[in-house]
Amino acid sequence: MTDVRNVLFICTGNSARSIIAEGMLNAMGAGRFQAYSAGSHPKGAVHPLALRQLERMHIPTDGFRSKAWGEFAVPGAPRMDFVFTVCDQAAGEVCPVWPGQPMTAHWGMPDPAALEGTEAIRDKAFVDAASTMKRRLELFLSLPIDKLERLAIQKQVRDIGTR
């Protein structure tokens, strides 16, 4: 049995993509990973269409909140093994120094919360974001993390962001 690994998904607003990633990894990687999410400039509320998308995937939506990444850079916070940025803005920002030197990667994708249009168009953007994230998480979960060297894992997680 391996230890549970902590994963932090970062986005600027922490209202959509990072929330979806947190919920999906906690459901898909139960027992192996504990996922969290945060934002550099949190919006203060989770986007309702992000919660709807999680509900469609039968993932409980209780307890999600938009929060600042600083919560995870203080003494006593969970020590991260992986930190993934899921938006291009957060990838370019200066991040806190994460204790323990977690592996990092950029898994950028379009922001479904920024899309304007009909509800059907906006809803499809959330479906697309969740589909992209699901594919990336499946690849991540298939990595033999216990058997790979740190540099090999780092390369693999970075490559996932291009798929």
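This is a short talk on the fold of one protein chain and on the setting of its last listed helix, α5.

Before anything else, this is a predicted model, in which local features need pLDDT of at least 70, side-chain atom pairs count only at pLDDT 80 or more, and totals for chains, interfaces and linings use all residues. Residues are numbered from 1 along each chain as its sequence is written, and side-chain values use heavy atoms, with hydrogens and water left out.

The protein chain has five helices and four strands, arranged along the sequence as β-α-β-α-β-α-β-α-α; here helices (H or I, at least four residues) and strands (E, at least two) are DSSP runs, numbered from the N terminus.

As for overall form, a compact globule of 163 residues would have a radius of gyration near 15 Å, and the protein chain, at 15 Å, agrees with that; the radius is taken over C-alpha atoms, and the globule rule is 2.2 Å times the number of residues to the power 0.38. Along its principal axes, the C-alpha trace spans about 45 × 30 × 30 Å.

Of the 163 residues, 46% count as buried, meaning under 20% relative accessible area with a 1.4 Å probe, protein chains only.

Turning to α5, which covers residues 150–160, I153, Q154, V157 and I160 are buried. Seen down the axis of α5, these buried residues fall within an arc of 125 degrees, so they line one face of the helix; the arc is that of the directions from the helix axis to the C-beta atoms. Their cover includes β3 (82–85), β4 (103–106) and α4 (119–142), where contact means heavy atoms within 4.5 Å.

How values were computed: Buried < 20%, exposed > 50% of the residue type's maximum accessible area, 1.4 Å probe, protein only.
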